[in-house]
Amino acid sequence: MKNIICDIDGVLLHDNKLIPGSDKFIHRVLEQGNPLVILTNYPVQTGKDLQNRLGAAGINVPESCFYTSAMATADFLKHQTGNKAFVIGEGALTHELYNAGFTITDINPDFVIVGETRAYNWDMIHKASRFVAGGARFIATNPDTHGADFSPACGALCAAIERITGKMPFYVGKPSSWIIRSALNHIQGHSENTVIIGDNMQTDILAGFQAGLETILVTSGVSQMIDIDKEPFRPNHVFACAADIDVV
């Protein structure tokens with residue numbers, strides 16, 4: 001029985017509206033007993049928040065199935081030396097870092113960690129740049145530049161710090177294979193028995209490809225059939241939407 005890693009936006013939901021049939025697909029997977037991770041690059045919501053978000057759309061999933069770039073970032077940092085972090089992000093990110101034993105501080109931090117936040121300001125850019133230039137390790141939850149309606153995302157918030165310091169962050173989220181490995185560890189799964197379902201060739205499918213997973217592209221979100229030929233790699237399967245998936 002295959003492990004399943006499934007993206008949210010463009011696969012299960014459009015904004016907060018159900019993509020028709022995705023509820024039946026997820027409920028079938030759960031009934032079959034497939035180990036399931038619902039994975040998102042977005043670090044602002046906790047597992048409980050995501051459970052409520054999907055539940056409101058009619059997809060009922062245990063909280064334990066959700067895995068975010070905030071969780072993966074905390075997991076990554078557990079494997080590094082240092083336990084003090086200056087954080088630009090929302091409560092869900094700081095919550096995961098606290099749980100991992102980190103002190104959140106602007107006094108000699110070992111790390112500068114950036115996630116999505118609407119509270120981004122000049123003071124944050126100044127402090128983060130000063131710390132990174134001074135040797136703090138620069139970590140970002142994900143490389144996404146923007147969300148819906150061109151709302152700034154993590155990669156855009158990192159850009160100012162990159163330009164000032166000349167240093168790029170390590171991006172934990174998709175398409176990095178780190179978040180895939182971390183999600184698999186979360187369910188004690190292995191890549192050779194795992195399929196990833198996503199709507200974006202450049203994040204979900206690339207991450208799966210780099211991590212050695214079987215890949216399923218659904219064309220209900222970002223990438224369409226015409227986009228497949230633009231990349232040097234190919235998904236193993238292509239379906240119009242999650243409801244059509246018949247290989248798991």
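**Exercise 1. Two helices that cross**

Work out how the axes of helix 3 (residues 69-78) and helix 7 sit relative to each other in this predicted model, given that they come within 9 Å and cross at roughly 90°.

*Solution.* Step 1: take the crossing angle, roughly 90°. Step 2: compare it with the classes; angles of 65 to 115 degrees count as roughly perpendicular. Step 3: so helix 3 and helix 7 are roughly perpendicular to each other. Step 4: look at who does the touching. Helix 3 brings S69, A72, D75 and F76, while helix 7 brings W178, I179 and S182. Step 5: sort these residues by class, and you get four nonpolar, two polar and one charged.

**Exercise 2. Reading the sheet**

Find the strand order of the open sheet and name its edge strands.

*Solution.* Step 1: walk across the six strands, and you'll read 5-4-1-11-12-13, with parallel pairing. Step 2: check the ends. Strand 5 (66-68) and strand 13 (237-239) each pair on one side only, so by that test they are the edge strands. Step 3: add the twist, which averages 25° from one strand to the next. Step 4: zoom in on one pair. Strand 12 (residues 214-218) and strand 13 run parallel and share three bridges. L217 has V238 in strand 13 as its bridge partner. As a reminder, strands of a sheet pair through backbone hydrogen bonds.

**Exercise 3. Helices on the sheet**

Which strands does helix 7 lie across?

*Solution.* Step 1: list them: strand 1 (3-6), strand 4 (36-40), strand 5 and strand 11. Step 2: get the direction; helix 7 runs at about 150° to strand 5. Step 3: use the cut-off. Angles over 145 degrees count as roughly antiparallel, so helix 7 is roughly antiparallel to strand 5.

**Exercise 4. Is S191 buried or exposed?**

*Solution.* Step 1: locate S191 in the loop between helix 7 (177-186) and strand 11 (194-198). Step 2: read its relative accessible area, 16%. Step 3: buried means under 20%, so S191 is buried. Step 4: see who its neighbours are. Leaving out residues up to four places away in sequence, S191 touches R181, L184, A211, G212 and L213.

**Exercise 5. Two domains**

How many residues of domain 1 are in contact with domain 2?

*Solution.* Step 1: get the bounds from the domain assignment: domain 1 is 3-41 + 174-244 and domain 2 is 72-171. Step 2: count the contacts; nine residues of domain 1 meet ten residues of domain 2. Step 3: note the spacing, with 26 Å between the domain centres, taken over C-alpha atoms.

How values were computed:
Residues are numbered from 1 along each chain as its sequence is written. This is a predicted model: local features need pLDDT of at least 70, side-chain atom pairs count only at pLDDT 80 or more; totals for chains, interfaces and linings use all residues. Side-chain values use heavy atoms; hydrogens and water are left out. Helices (H or I, at least four residues) and strands (E, at least two) are DSSP runs, numbered from the N terminus. Buried means under 20% relative accessible area, exposed over 50%, partly exposed in between (1.4 Å probe, protein chains only). Contact means heavy atoms within 4.5 Å. Two strands pair if DSSP finds at least two bridges between them. Axes are lines fitted to C-alpha atoms, for helices over the stretch in contact, and angles run from 0 to 180 degrees between N-to-C directions. Angles under 35 degrees count as roughly parallel, over 145 as roughly antiparallel, 65 to 115 as roughly perpendicular and the rest as oblique. Ala, Val, Leu, Ile, Met, Phe, Trp, Tyr, Cys and Pro count as nonpolar, Asp, Glu, Lys and Arg as charged, and the others, Gly among them, as polar. Domain bounds come from an automatic or database domain assignment.
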